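Subject: Structure handover

Hello,

I am handing over the structure below. Please look through it before reading the notes that come after.

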Amino acid sequence: MPVDIPILGSRTAVWIAAQLHLFFAAFVLGAPIFIVVAEILGMRTGDARYERLARETMKVVAMAYSVTALMGGLFAFLLMGPYADFSGYIVGLFFPLISAYAVLIVLETLLMYAYWYSWDALSGRKGLHVALGILLNLVGTLVMVLMNAVAAYMLTPPEAAEQASLWQMVNNPSWTGLNLHRFIGNLTFGGFMVALFAATMFLTSQQEGERAFYDWMGFTGNFIGVGTLLVLPVAGYIYAKELFLYDASISTLLMADKLAWFFELQGVLVSLLFLGANYYMWLSIRRISGGERFARPMRLSFAGMLAGTAIWITPQVFLPDLTSQPGAGLSITELALPERLAFLGLMMAKALAVTAIILLTFLTFLFYRRALRTGRITWGQIDPRAQYALIFLPAVAVYTMGLMGAIRELARQDFHVYQLVRDLTPYWYIPSLGYVSLITGVVTLLFFLLMGFLFWLGFMVAGAKERQG
Amino acid sequence: MSSHTSSRGASLPRARWLRTVAAVALVLLIFWGAPALAPEESGWHLGWPFRLFYSGLAIAGGLFYLLLDAPPARFPASRGMAMLRIVSVYALTVGGLTLLPLAFPRFGTPTTEEVLAQASPEARGRTLFNDSRVGCVLCHAVEGVGGTRGPDLSGIGGRAPQRVPGLPAGEYLRQSIVDPGAYLVEGYPAIMPAGFDRLLTPEQLADLVAYLESLR
């Protein structure tokens, strides 16, 4: 007997729990990858800042880990009520995989705590500690790809799914694309979260030395976030191509029909990420002696990025879906791009615009590198607006991730498993962009509150006690 | 050289500010002046929604350039002030992003009822069928989902025309809902309650019948 969850409704309740779980999971999976890299860099270069960055980020990961599990539990609990039949069906279908997932989660937890709590004990045997970190990442990645298999199966089950083997169900048509996109996306997400943490610590620090470190840490977090963001659209394209090859009607739904305006918003969001990251670089380069000489080419580069953004988000038509008709007093000629500018609404123009934005961002990095070679940087001496940019970026990144998750789920339309298992609940329909935006905004704020609470506990309260001690 | 110790009082270079405003004004002039020069048949004529859209982008771009040249911000005076600013930047960003799609009137949040009003009768009927307040799904299963106390209704749309000779499928289904005892299915007791014609409006009843007829 189906049950409903009052006020929110079953779908929205499950959506909020799942998205919160995924936000934390993205962080605890993405951050350890560059934590280990930072630890290795610290070993190789002798720069103590890398070691500190790795350690402080790992402290946040260790705290966030339990919340990840908590949200995962809440997600599973909510599924058991209104979606009991479907949950049973999926568990039955993927039972060996879900069993392996459970074992690996335990192993990952043990490795995570071993890696974190052995930091001091293995300070003399760094190689062993790094090996633990690498193992943690391998298991973490395996956990991610196992669960991605289920999510990907729901959208692209293999042909003749009833007779498919477990491996055919796992290696379904969009599994690779989803793995690639999530792996890189987690790194971007982790980088921006580190930047958020660093900016918070920078703005609340009272000592110059601390500010110098957190300034550098914020720069590094942004570097990781933007560096991986440069390749994320390519991974997204591969994923979208897989969906197109599987069923071209999904692409129509995404790009021209009911979800087209969701992608409009996505274009705005990713453009904001690029512009925000470049704005941070703009403020950052100005505190390097001689950095002012790059102001003019950077201003031109920004003009190129804004033009690229304008092309990227130009809609073909101002109608919400393929079946909508112009409202009273409106004509299709007013709402659609004119004939000679129609190319602005095509994928080719969008792809070129995104490529231009990516290349111009890369150019900014080159300017920065050149400025560093010839000038001197004073860490800790930066316009606080740069730190606000580092807070703005994770807010946009978290929201973008939430929106993209919703798009992926809604692409199944009124199916739990596309074309195989129908969603027979009252929540089978694609909600409006406004509603999706509202829920995404709420979840983004909830995530910030939970992360803020962890920061506060781990660094403000515990940090104050350590200083007193 | 910018630094957090720089004075907030340092004003934005006037020449740059004027240049940015002039550039935005020029873009707006082109978008709103050019249509007069480009008639619809030319293939270049942008409709007003596009002009509005690009004007918004031009203004946003201008604001971005003004931000580039804005004087450095002041470092927060206290830890509390810093936290307030951090929370404000995050909350305002998320709030702005949330409101952005709501700003389009056609993309506002419709209620479930509004969504259903635009759906097909079959889709509305399916929602009613699965709504636990109506209760059909509690006793009847469709495609493996639902209760087992009543007959399985998978494919009922195909079977209904043969159930009572001379009675159209839609009428048979409607009667079976409003008068459950009229046509019993062998092997199932008469436990279905009456009163669905009072619980549902005539339109809802028609939607429910349309959904059941669509099950083939």
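The notes below cover the cavities, one helix and the cysteines.

Please keep in mind that this is a predicted model.

Cavities

The structure holds 3 cavities of 30 Å³ or more. The largest cavity has about 50 Å³ of space. Four elements of chain A each give two or more residues to its lining: helix 1 (10–45), helix 2 (48–80), helix 4 (95–117) and helix 5 (126–155). The lining residues are A:Val28, A:Leu29, A:Pro32, A:Val61, A:Tyr65, A:Glu108, A:Met112, A:Leu136, A:Asn137 and A:Gly140. By class, 7 of the residues in this lining are nonpolar, 2 are polar and 1 is charged.

For the second largest cavity the volume is also about 50 Å³. The residues that line the second largest cavity are A:Leu29, A:Ile33, A:Asn137, A:Gly140, A:Thr141, A:Met144, A:Phe183 and A:Asn186. Here the elements of chain A that give two or more residues are helix 1, helix 5 and helix 7 (175–204). Helix 5 of chain A provides the largest share, with 4 residues. The lining of the second largest cavity has 4 nonpolar and 4 polar residues, and no charged ones.

A:Leu29, A:Asn137 and A:Gly140 appear in the lining of the largest cavity and again in that of the second largest.

Helix 8 of chain A

Helix 8 of chain A runs over residues 208–229, which is 22 residues. From its first C-alpha to its last, helix 8 reaches 31 Å, close to the 32 Å expected at 1.5 Å a residue. Is helix 8 of chain A mostly covered or mostly uncovered? Helix 8 is mostly covered, with 16 of its 22 residues buried.

Cysteines

How many disulfides does a search of the whole structure find? The search gives 0 over all chains. A disulfide is a covalent bond between the sulfur atoms of two cysteines. B:Cys136 is in no disulfide, and the nearest cysteine sulfur to it, that of B:Cys139, is 9.1 Å away. B:Cys139 is likewise in no disulfide, its nearest cysteine sulfur being that of B:Cys136, at 9.1 Å. The cut-off for a disulfide is a pair of cysteine sulfur atoms within 2.5 Å, so a pair 9.1 Å apart does not count.

As for exposure, B:Cys136 has a relative accessible area of 12% and is therefore buried, the limit for buried being under 20%. B:Cys139 has 23% relative accessibility, so B:Cys139 counts as partly exposed.

Regards

Notes: Residues are numbered from 1 along each chain as its sequence is written. Chains are lettered from A and ligands numbered from 1 in the order in which they are written. This is a predicted model: local features need pLDDT of at least 70, side-chain atom pairs count only at pLDDT 80 or more; totals for chains, interfaces and linings use all residues. Side-chain values use heavy atoms; hydrogens and water are left out. The expected span of a helix is 1.5 Å times one less than its number of residues. Buried means under 20% relative accessible area, exposed over 50%, partly exposed in between (1.4 Å probe, protein chains only). On a 1 Å grid over the protein atoms alone, a cavity is a set of points where a 1.4 Å probe fits but cannot get out, and a pocket is an open set with protein on both sides within 12 Å along at least five of seven lines; lining residues have an atom within 4 Å of a point. Grid points are joined across faces, edges and corners, and a volume is the space filled by probe spheres set on the points. Ala, Val, Leu, Ile, Met, Phe, Trp, Tyr, Cys and Pro count as nonpolar, Asp, Glu, Lys and Arg as charged, and the others, Gly among them, as polar.
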